[in-house]
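Me: Could you go through this one with me? I'm new to reading structures, so plain sentences would help.

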Amino acid sequence: MSRFSLDNESIAREIISRYPRPKSALIPLLHLAQEQDGWVTIDAMRHIAELTGTTPAEVMGTGSFYEMFKFHPVGRYVINICSNITCQLMGAESLLEHAEAKLGVKVGGTTADGLFTLEDVECIAACTEAPALQVNYRYRLRVTAEDFDQLVDDIRSGTARDIPEHGTLSLVRQSIPADRGAGIVPPEQAREVSVWMARNDAAEQN
Amino acid sequence: MTNTEAKTTLSVTIDGEVFEARPGELLIEACERAGTYIPRFCYHSRMKPVGMCRMCLVEVDTGRGPALQPACMLPCSDGMTVSTETPGTRKVQAGILEYLLINHPLDCPVCDKGGECPLQDQTVAYGPGESRFVEEKRHYEKPIPINDNVFLDRERCILCDRCTRFADTVAGDKLIHFMDRGNNTQVNTFPDEPFASYFSGNTVQICPVGALTARPYRFKARPWDLDETVSTAWTDSAGARVAVQSSRDKVIRLLGIDSDPVNWGWLSDKERFAFEALNSDDRLTAPLTRVGDHLVPTGWSTALERAVSLLSDADPDRVAVIGGARLTNESQYAWAKLAKGVIGTDNVDSQLADGLDPELVLGLPRATIDEACTPGGTIILCGPDPKEEIGSLYLRLRHAVVHDDARLIELTPTATGLSPVAAHSLHPRPGEVADLARALVEAANGGPAVSAAGVSAEEISSAAVAIDGSVTIIIGRASLAESADCVTDAALQLAALPGSRFLSALRRGNIHGALDSGLAPGLLPGRTTIEAGAARFADAWPSTPASRGLDTAGILAAAADGRIDVLVLLGSDPINDFAGRPLAAAALETVPNVIALDMLVNDSIAMAADVVLAASGATESAGTFTNLEGRISVCRQRVTPPGTARADWMIASEIARRLGFDLGFDSVESIRAEIAAVSVVHSGLDEKALAEALVDGLLIGGSGDIMVPGVVGVSPSAHDAYSLRLVASRSMYDDGVALRNSPSSRGLARSVTLRLNPTDFDKIGVDRGTVVRTESAVGRLLVPVEPDPGVPVGSAVLPWAAPGSPANTLIDPFSTVTDVRVERA
Ligand code: SF4
Ligand code: FES
Ligand code: FES
């Protein structure tokens with residue numbers, strides 16, 4: 001149950017400053033919250049509401065539309081096994097059963113050590129490589145039962161280095177200096193050409 | 001671009017008939033005006049359309065062949081052809097209903113909405129008759145409370161976005177929202193953050209299914225068992241129009257009526273649920289007289305005899321009447337006639353030092369709510385927080401600012417419920433609002449901006465620039481800890497703004513009716529004074545007062561001094577409501593005889609009354625009400641009063657008769673006829689006009705004989721560095737006797753805290769919530785303290801009449817401001 005850390009709060013303010021209206025920053029801030037705690041906590045939503053001048057109900061209403069925001073604790077590694085038609089034809093069902101047995105949890109469950117959450121998902125756009133899965137949204141393709149065991153073992157032993165902890169969107173955080181922002185005026189109030197348009201115009205003339 | 005030239009009407013063919021629609025008019029509205037009802041769920045005439053439910057799909061042809069279009073989202077265009085009854089339209093209506101009913105439980109027999117449910121009605125009218133859906137419906141926990149009074153049954157919800165849109169765009173309390181997605185989409189609150197809105201009852205009224213229900217009405221009655229009467233809400237001065245509904249002679253529900261100039265169908269929860277106090281088990285069903293320390297029930301003749309003997313023994317100058325805002329116009333007039341004409345005292349005041357100079361309210365040019373809300377105009381708030389005190393007015397003002405480009409400039413001692421949408425919030429030091437007003441007006445009239453009352457020159461000059469278009473100034477008491485004279489002086493300054501008009505925000509029920517009825521020292525009914533009006537009353541009244549009497553503060557001071565023999569409490573409770581509790585207590589202890597007219601025993605009655613005459617309530621007697629604009633609307637009797645309680649005007653007539661004078665009234669109509677005959681401003685008040693103005697009321701304009709008072713010239717004493725200046729402001733739910741007797745509202749009075757600017761808070765050196773000693777020249781309170789950046793440095797804000805910590809303990813009614821020391825307890 002945590003609010004943003006001081007570091008993350010300053011990142012949050014920087015994100016908010018990129019948008020004409022603070023409310024527009026809701027989705028990136030929800031990602032930031034999920035990155036901090038692995039899931040979106042109640043206090044984080046309160047904090048986002050304070051920072052963006054919205055209500056916690058609006059923050060939750062916006063965030064809960066998206067499956068990939070978790071509003072309850074999940075494992076540090078969330079495994080999504082595709083169960084849509086192509087993967088199903090290629091053995092996803094038995095893979096899922098195998099995964100349940102290997103991890104000792106049912107679909108939707110989290111292992112007792114808090115390391116894994118197992119989910120089934122609809123098509124993840126990897127039909128040509130079926131059956132497919134994602135771990136914290138990193139792909140594993142044409143997955144066999146042995147591959148799955150190896151994956152779990154690698155994660156347990158810390159050798160699956162390409163997979164960051166749940167909530168991490170990217171390993172490099174983008175930062176946009178103020179002078180490269182899109183201009184902070186709401187469109188209906190804009191009297192001057194926005195910074196980026198002026199820059200593009202200048203580039204064209206050169 | 002000749003075809004876009006502004007046309008005044010557009011011709012639309014609706015089911016074969018040509019109809020002239022207005023430019024910009026939505027098709028659903030044009031059809032309705034043409035007499036063709038298009039079924040709908042999400043569309044609501046007072047909110048922006050969202051096209052959520054698709055129930056209003058009709059076949060529309062704009063020249064490219066018929067296509068299904070949502071009538072609630074489609075503005076009319078010239079030459080448009082609409083078919084609301086073709087097989088295509090019928091099929092889609094049946095289809096939409098079949099979809100909506102997939103997850104909707106068929107529990108109509110146990111649903112409160114059954115019988116008045118748009119979903120039920122429209123399914124009967126347009127539905128398929130049978131559903132092809134045989135699978136299991138979606139399940140949710142059956143109703144969950146979303147606040148203390150409102151329950152939400154998510155299984156019944158059809159996701160029309162009416163409640164959530166209301167919370168967001170009308171009330172500005174975005175505490176309910178759609179959560180989750182797809183089949184799981186539901187309305188809900190944030191965990192542990194209830195829908196704490198003063199306006200939550202409106203969502204229950206506009207929900208087109210039985211998903212939202214309110215505690216006071218749940219499982220109480222069926223719509224077809226209800227009797228209904230058009231009336232006026234009585235808990236504040238907005239005069240919101242209501243339908244009072246009863247079953248078996250008991251009021252069980254109030255619904256808002258859409259009156260275009262007033263409340264647009266909305267009500268505050270206080271207006272909506274306050275009828276519960278009238279059903280309280282503690283209601284007086286018979287008069288009481290004092291026997292030793294107790295008030296015991298007695299018969300009317302005994303009680304009246306006792307009251308009359310007290311009155312006839314007393315010298316008229318030693319009789320005083322306090323109160324009257326609870327009464328109907330007719331009862332107020334009867335009491336004015338009894339007190340001023342028969343008994344012969346002018347010590348009559350309906351305000352309890354919580355109002356304004358009546359001559360200021362009646363003498364200044366007045367604005368209507370509509371005029372205040374003129375699109376693009378300027379609203380200057382020099383009064384109380386409308387969200388806390390006059391809920392329906394708040395909703396109208398908020399709409400004007402948020403949706404109609406009006407600019408709000410606040411001159412209030414602290415932030416209000418409108419501050420989030422205000423263009424400029426200037427917070428003067430308590431007692432100095434007139435200085436701020438002067439500086440603002442000077443800057444607006446082209447002079448240099450100078451800082452004033454603790455507000456910087458920059459703030460004043462940017463606010464001055466914003467003053468444009470029609471200017472309405474809302475006047476009232478933002479704080480009861482500074483004197484009304486401060487507002488008088490500020491209002492007179494602001495009157496110099498060109499074209500400015502004033503809207504009174506005196507809050508107490510029918511207080512504007514009371515002022516129009518002459519229940520104030522120096523006034524006679526019909527906006528006239530005892531000097532100017534005496535001649536007009538010569539025939540109808542036995543006499544009129546020769547000289548101006550005392551106001552409530554004067555009356556109580558005289559009473560405490562032993563100079564009042566009989567005090568009449570006309571539905572008033574000075575202990576809790578007078579701005580100065582120590583003086584009220586001293587007066588009630590000293591005054592030898594107190595006669596009260598009331599519905600419930602309040603603290604002042606319990607302490608001092610000798611005779612209590614049981615009065616009927618707002619839904620139990622007929623009459624009219626005057627709202628803050630001066631608009632008269634009817635209050636109709638819906639149920640019989642409990643026991644032998646009777647209307648206040650009947651009690652006045654009885655007392656007069658026993659004093660040897662016939663007031664000449666045998667009905668409210670006979671009183672209205674006399675008002676119309678003697679008043680300079682009420683000549684248009686006749687039964688026919690009143691009947692025709694059933695929904696919108698009858699606006700009584702003009703100042704009559706009242707002249708605007710002169711500048712008082714207040715100058716608050718300098719305050720020492722150790723003191724803070726008190727701001728005592730009202731909140732929607734307080735510890736008044738009516739709310740104590742309303743089960744739905746009782747729990748809503750907020751626990752009291754003293755709020756200080758963080759800088760001042762830090763100086764005390766205690767934790768948030770610590771109980772501190774707050775001491776003024778006249779009294780002391782122990783209250784928890786907390787920091788609040790919305791409070792200016794040097795001020796201390798305390799809610800009025802909060803349970804257990806009455807702010808009026810600290811107030812001296814004769815001083816301009818109230819300074820307090822706040823120290824560790
Ligand atoms: S609760 Fe009622 S008003 Fe609210 S979205 Fe559901 S059906 Fe509409
Ligand atoms: S069906 Fe599994 S990735 Fe498309
Ligand atoms: S009424 Fe038009 S879509 Fe709901």
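Me: How do strand 6 and strand 7 of chain B run, and how many bridges join them?

Reply: This is a predicted model, and in it strand 6 of chain B runs antiparallel to strand 7 of chain B, which covers residues 150-152, with 2 bridges joining the two. One of the residue pairs here is B:P145, whose bridge partner in strand 7 of chain B is B:F151.

Me: And what sheet do they belong to, in which order?

Reply: They belong to an open sheet of 3 strands in chain B, with the order 6-7-10 and antiparallel pairing. Strand 6 (144-145) and strand 10 (212-214) of chain B each have a single partner strand and stand at the edges, so one side of each is left without a neighbour in the sheet.

Me: OK, what about the sheet with strands 28, 29 and 30 of chain B, which sense of pairing does that have?

Reply: That one is an open sheet of 3 strands in chain B too, and its order is 28-29-30 with antiparallel pairing. The edges are taken by strand 28 (623-626) and strand 30 (698-699) of chain B, and because each has a single partner strand, one side of each lacks a neighbour in the sheet. Helix 8 of chain B, residues 329-343, packs on this sheet and touches strand 28 and strand 29 of chain B, while its direction makes about 90 degrees with that of strand 28 of chain B.

Me: How many bridges are there between strand 29 and strand 30 of chain B?

Reply: Strand 29 of chain B, which spans residues 631-635, pairs with strand 30 of chain B over 2 bridges in the antiparallel sense. Among the residues involved, B:I632 has B:L698 of strand 30 of chain B as its bridge partner.

Me: Switching topic: which residues come nearest to ligand 1?

Reply: There are 13 residues around ligand 1, and those that come nearest are B:C157, B:C160, B:C163, B:C207 and B:A211. Sorted by character, the shell around ligand 1 has 11 nonpolar residues, no polar ones and 2 charged ones.

Me: Where does B:D15 sit, and is it buried, exposed or partly exposed?

Reply: B:D15 lies in the loop between strand 1 (10-14) and strand 2 (17-21) of chain B, and its phi is near 45 degrees, a positive value in a residue other than glycine. With 16 other C-beta atoms within 10 Å, B:D15 is partly exposed, because that category falls between 12 or fewer for exposed and 20 or more for buried.

Me: What about B:D180, what is its phi?

Reply: B:D180 has a positive phi of about 60 degrees although it is not a glycine, and its place is in the loop between strand 8 (176-179) and strand 9 (186-189) of chain B. B:D180 is partly exposed, with 16 other C-beta atoms within 10 Å.

Me: How many residues does each chain bring to the contact?

Reply: Chain B brings 12 residues and chain A brings 9 residues. On the side of chain B that touches chain A, the largest share, 4 residues, comes from strand 8 of chain B, and that side divides into 6 nonpolar, 2 polar and 4 charged residues.

Me: Last one: where is the cis peptide bond in chain A?

Reply: The cis peptide bond joins A:A130 and A:P131, with omega at about -10 degrees, and A:P131 is placed in the loop between strand 2 (116-121) and strand 3 (133-135) of chain A.

Terms used: Residues are numbered from 1 along each chain as its sequence is written. Chains are lettered from A and ligands numbered from 1 in the order in which they are written. This is a predicted model: local features need pLDDT of at least 70, side-chain atom pairs count only at pLDDT 80 or more; totals for chains, interfaces and linings use all residues. Two strands pair if DSSP finds at least two bridges between them. Two residues are in contact if their C-beta atoms, placed from the backbone, lie within 7 Å. Axes are lines fitted to C-alpha atoms, for helices over the stretch in contact, and angles run from 0 to 180 degrees between N-to-C directions. A residue is near a molecule or strand if its C-beta atom, placed from the backbone, lies within 6 Å of it. Ala, Val, Leu, Ile, Met, Phe, Trp, Tyr, Cys and Pro count as nonpolar, Asp, Glu, Lys and Arg as charged, and the others, Gly among them, as polar.
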